Amino acid sequence: MTGGIGPVEPGEDTHARDVAAHARPRGCVARFCERHRRTVLTTAAALLLLLLLLGGGYLYADRTREPAADPPPYPAQAVTLEYLDAVDGPSGAKGGGFSFAVRLSVRSGPPVTVTRIAQPSAGLSVTSSPAAPFQTKPHSASKIIVTLRVTECDKAPRNLGFPFLDVTLRNARAIQAHSFILGPRYARQLSQALQVACSNDSR
């Protein structure tokens with residue numbers, strides 16, 4: 001029996017494994033991802049975040065919008081001015097003036113401020129109590145005493161048909177000058193007061 005050392009031969013039905021043959025093939029994409037893993041992950045995270053933001057923005061824009069609140073009414077639309085009566089008796093004449101009471105009511109909306117009370121005749125002056133400006137809250141009323149005084153009888157009105165009172169109103173929406181017709185009783189009593197004031201006046 002001779003002995004020796006030589007290469008080991010494979011046994012029957014055995015083969016040497018070719019490691020290279022069984023290695024997982026790597027393509028260009030896999031090699032790129034392996035080399036740039038951090039960049040790929042960062043880009044993927046950024047894309048995911050962008051998609052989330054776009055989806056959220058779409059949902060926000062597509063949400064049901066609540067209708068905007070209606071603006072408050074114009075002051076002249078929210079106010080009524082009612083003639084009550086002469087303060088100094090049927091004629092209302094006292095010291096060359098005519099004092100009468102009106103009631104200003106604010107039906108709705110924000111508070112309304114009376115900034116001015118006037119009338120169109122150049123022969124009459126106007127004062128009020130309370131003096132303007134004064135405010136009336138919604139769903140409430142203010143009683144106003146208005147006094148008209150004759151300054152020039154020649155320019156004072158005669159035969160009044162529908163005399164009116166000019167009132168400037170302001171609320172949160174606007175400021176308006178509005179002319180209120182106070183009705184036939186006001187016209188009659190004002191005419192009587194002017195006749196009394198100017199009956200013996202030669203101005």
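## Exercises on a predicted model

In this predicted model, Cys153 and Cys198 are joined by a disulfide, with 2.0 Å between their sulfur atoms.

**Exercise 1.** Determine the handedness of the disulfide between Cys153 and Cys198, and state which elements hold the two cysteines.

*Solution.*
- Step 1. The structure contains 1 disulfide. A sulfur–sulfur separation of 2.0 Å for Cys153 and Cys198 satisfies the cut-off of 2.5 Å.
- Step 2. About the S-S bond the torsion is about -90°, and the disulfide of Cys153 and Cys198 is therefore left-handed.
- Step 3. Cys153 sits in the loop between β7 (140–150) and β8 (164–170), whereas Cys198 belongs to helix α5 (residues 184–198); the pair therefore ties together parts that are 45 residues apart in sequence.
- Step 4. Both Cys153 and Cys198 are buried.

**Exercise 2.** Classify Ser121 as buried or exposed, and describe the polar contacts of its side chain.

*Solution.*
- Step 1. Ser121 is located in the loop that runs between β4 (112–118) and β5 (124–129).
- Step 2. The relative accessibility of Ser121 is 13%, so this residue counts as buried; the limit for that class is under 20%.
- Step 3. A polar atom of the Ser121 side chain lies 3.2 Å from the backbone nitrogen of Gly123. The side chain of Ser121 also reaches the backbone oxygen of Lys155, at 3.1 Å. Each distance is to be judged against the limit for a polar contact, within 3.5 Å.
- Step 4. With neighbours within four places in sequence set aside, Ser121 contacts Lys155, Ala156 and Pro157.

**Exercise 3.** Describe the largest cavity: what is its volume, and which element supplies the largest share of its lining?

*Solution.*
- Step 1. The structure has 1 cavity of 30 Å³ or more, and the largest cavity encloses about 30 Å³ of space.
- Step 2. Its lining consists of 11 residues; those nearest the centre of the cavity are Gly97, Phe98, Leu148, Val150 and Leu194.
- Step 3. At least two lining residues come from each of β3 (97–106), β7 and α5.
- Step 4. Helix α5 gives the largest share of this lining, with 4 residues.

**Exercise 4.** Assess the confidence of the prediction over the chain and over residues 19–23.

*Solution.*
- Step 1. The average pLDDT of the chain is 81, and 71% of the residues score at least 70.
- Step 2. For residues 19–23 the pLDDT falls below 50, and this stretch makes 0 contacts in the model beyond near neighbours in sequence.
- Step 3. Predicted coordinates should not be read in detail where pLDDT is low.

Notes:
Residues are numbered from 1 along each chain as its sequence is written. This is a predicted model: local features need pLDDT of at least 70, side-chain atom pairs count only at pLDDT 80 or more; totals for chains, interfaces and linings use all residues. Side-chain values use heavy atoms; hydrogens and water are left out. Buried means under 20% relative accessible area, exposed over 50%, partly exposed in between (1.4 Å probe, protein chains only). A polar contact is a pair of N or O atoms within 3.5 Å; within protein, one must be able to donate a hydrogen and the other to accept it, and residues adjacent in sequence count only if both atoms are side-chain atoms. Contact means heavy atoms within 4.5 Å. pLDDT is the predictor's confidence in each residue, from 0 to 100. On a 1 Å grid over the protein atoms alone, a cavity is a set of points where a 1.4 Å probe fits but cannot get out, and a pocket is an open set with protein on both sides within 12 Å along at least five of seven lines; lining residues have an atom within 4 Å of a point. Grid points are joined across faces, edges and corners, and a volume is the space filled by probe spheres set on the points.
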